[in-house]
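Let's take a walk through this structure together, going from single residues up to whole contacts and back again. Keep the viewer open as you read.

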Amino acid sequence: MNLTEAKPQVEKQSPLTACREFFRAMLEKGVVDAVLVPQHVPGGKVVVQTLVTEPAKLENVDPVAPILMRNSASIVSDLSFQSPKGKVAAVMRPCEINALVELVKFKQANLDDVILIGVDCPGTYEPKDYMQIVTIAAGDFSEEVLRCLSEGKSPSLEGYEMRQACRICEHPDPANCQILVALWGADRASGPAIVPVDEKGRETMEKAGFQPQEQPPSRPEIIRKVSSERSARARKVIEDFQEKISSLEGLIDEFAACKRCMNCREECPICYCRECIFTSPTFVHESSKYLKWARQRKIIKMPVETLLFHLTRLNHMVTSCVGCGQCSSACPNGLPVMELFRAIGTNVQKIFDYVPGRSLEEEPPLTTFREEELEPR
Amino acid sequence: MSRFEPKILGFVCNWCTYAGADLAGTSRIQYPPNIRIIRLMCSGSVDPLYVLKSILEGADGVLIGGCHPGDCHYTNGNYKARRRVTVLKSILRQIGLEDERVVLRWISASEGKRFADTVTEMVEKLRELGPNPLKEMWQI
């Protein structure tokens, strides 16, 4: 079936109707001025984040579709680092909220005018895979995903694998949101449950005229199961990768195909610097430098400083890496950037007992210090 | 065969360690001539990038010198340096590079002897470790 004709998620009976109606009510009742929410593009190929101010423009809403083309933490940062001059409800996945929490702590985003609506996440496919899947999947793919979620399973499709970052993600459920769209264990007929998480969320739902719902009874158990499966997988992937890069030769070999395009940095939600040192004049070398370096070493790889780039980026932001894996998805040569950051990050974050995205109160390790610590070195 | 002479790069703060190094000189304290010093205003202004660049370009060791805790001219730059160096050393260890190549040491303006001892100690340690393996790797 062709998705352009199909799109049952926009029809009245779709399980996603409740979501759409809730977002619509928030706009109609003036609870928020805009909703940031994933929607199908008209051709149905992909789902993109949309910023919507008109209730009628929510017809293709789909926060379930397993695709994430950009971590929206950076989108919410753009929207809120200055006053957005209006209230915004942002519909986001767990890894997006985690990254946003980090950005808030780095003062790159402000949640005063933002209501976070977290959505249970089954994981996502690479956009190129997703585009194929929706053209071959019989019926609507998001329906299929919802069915899997309600049964507590991750969607599986022969010939396609979810992004590695998602397969080893320990956060199938969002934290730090005001309202939760509960999909794990949700009743097939009634669709996702919309659950207020805190007072702000409860108030928002009330104003929108929506009855607060309870999370599905089976959800906590499902999440425990999914989390522990993924954690086990994560440990394995991380340990294997730590082994691979435990020698310089191993690390250099893994990143041999890096050409320092810096797409990973571009897509990283944590790399927020408007002016990155790697694009600054510091890295515009005098022409004669190259020959000097070549003479010193007899041979150098061009472009230079590929390993320096990754090691510096690790030093600068691995403490706050949430493992969303957009770096790996962005790499034209498929390098294991996410694996590198998770492998190194686990140990570095442990030093400071820091979990990125866990709390808005905990200070990012490199922005603070204790007078008595880390001695003797 | 001639003895391996390690090359050390020193990022030292203007207020304490640089003055300490100066004192070592004016007091005529002998120490190995293997260090090249770069003066910065504060150990807190040492971006890990500087250390990494030095090491990737073949420095055998890097010394970061700052004021003793509580003595930072800018109140807390040295505390921040301590966290950054901790992260850096953890990363170096994990990729199979000896983290002893990077040393963060508090050396005050009155500690000429401590500066000289630090350099001596580093040279001995680096002789033990041998040359920085990255010197022989071009594919970085």
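One cut-off before we set off: a residue is called buried if 20 or more other C-beta atoms lie within 10 Å of its own, exposed if 12 or fewer, and partly exposed in between. Bear in mind, too, that what you're looking at is a predicted model.

Let's start with A:Leu314, which sits in helix α13 of chain A. This leucine has 25 C-beta neighbours inside 10 Å, so it counts as buried. Who does A:Leu314 touch, once residues up to four places away in sequence are set aside? The contacts are A:Phe341, A:Ile344 and, from the other chain, B:Ile91. Take A:Phe341: its C-alpha is 6.8 Å from that of A:Leu314, though 27 residues separate the two in sequence.

That B:Ile91 contact leads us to where the chains meet. Chain A puts 31 residues into the contact, and chain B puts in 28. On chain A's side, α10 (248-254), α13 (306-317) and α15 (337-351) each supply at least two residues. Which of the elements gives the most to this side? That's α13(A), the helix of A:Leu314, with seven residues. Just back along the chain, have a look at A:Pro303, in the loop between α12 (287-297) and α13 of chain A. The peptide bond leading into this proline from A:Met302 is cis, with omega near -10 degrees.

Now zoom out to chain A as a whole. Its domain assignment gives domain 1, residues 3-224, and domain 2, residues 247-367. The C-alpha centres of these two domains of chain A are 30 Å apart. Where they touch, 23 residues come from domain 1 of chain A and 18 from domain 2 of chain A. On the domain 1 side, the elements giving two or more residues are α3 (73-80), α4 (94-105) and α7 (164-167) of chain A. Here α4(A) gives the most, with nine residues.

So α4(A) deserves a closer look. This helix has 12 residues and reaches 17 Å from its first C-alpha to its last, close to the 16 Å expected at 1.5 Å a residue. How much of α4(A) is buried? Quite a lot: 11 of the 12 residues, so "mostly covered" is a fair description. Among the buried ones are A:Pro94, A:Cys95, A:Ile97 and A:Leu100, but also A:Glu96, A:Asn98 and A:Glu102. Within chain A, the buried residues pack against α3, β3 (88-92) and β4.

After α4(A) comes A:Lys107, in the loop that leads on to β4 of chain A. This lysine has a positive phi of about 60 degrees although it isn't a glycine. A:Lys107 is exposed, with 10 other C-beta atoms within 10 Å. There's another case of this kind at A:Asn176, where phi is positive at about 60 degrees, again without a glycine. You'll find A:Asn176 in the loop between α7 and β5 of chain A, and it is partly exposed, with 19 other C-beta atoms within 10 Å.

Those loops bring us to the sheet. Chain A has six strands in an open sheet, ordered β2-β1-β3-β4-β5-β6, with mixed pairing. At the edges stand β2 (47-52) and β6 (193-196) of chain A, each with a single partner strand, so one side of each has no neighbour in the sheet. On average, neighbouring strands of this sheet are turned by 25 degrees against each other, direction ignored. For one pairing in detail, try β4 (residues 114-119) and β5 (residues 179-182) of chain A, which run parallel and are joined by three bridges. Within this pairing, A:Gly118 has A:Leu180 of β5(A) as its bridge partner.

Finally, hop over to chain B and its helix α4 (residues 112-129). It has 18 residues and spans 26 Å from first C-alpha to last, close to the 26 Å expected at 1.5 Å a residue. Its buried residues include B:Phe115, B:Val119, B:Met122 and B:Leu126. The buried residues cover an arc of only 155 degrees around the axis, which puts them on the same side of α4(B). Facing away from that buried side are the exposed residues B:Glu124 and B:Glu128. The cover over the buried residues of α4(B) includes β1 (8-13), α1 (17-26), β2 (35-40), β3 (61-66) and β4 (102-106) of chain B. After the helix comes B:Gly130, with a positive phi near 85 degrees.

Key. Residues numbered from 1 in each chain as written. Chains lettered and ligands numbered in written order. Predicted model: local features only at pLDDT ≥ 70, side-chain atom pairs only at ≥ 80, totals over all residues. Pairing = 2+ DSSP bridges. Helix = DSSP H or I, 4+ residues; strand = E, 2+ residues; numbered from the N terminus. Axes fitted to C-alpha atoms, helices over the stretch in contact; angles between N-to-C directions. Expected span 1.5 Å × (residues − 1). Arc of directions from axis to C-beta. Contact = placed C-beta atoms within 7 Å. Domains from an automatic or database assignment.
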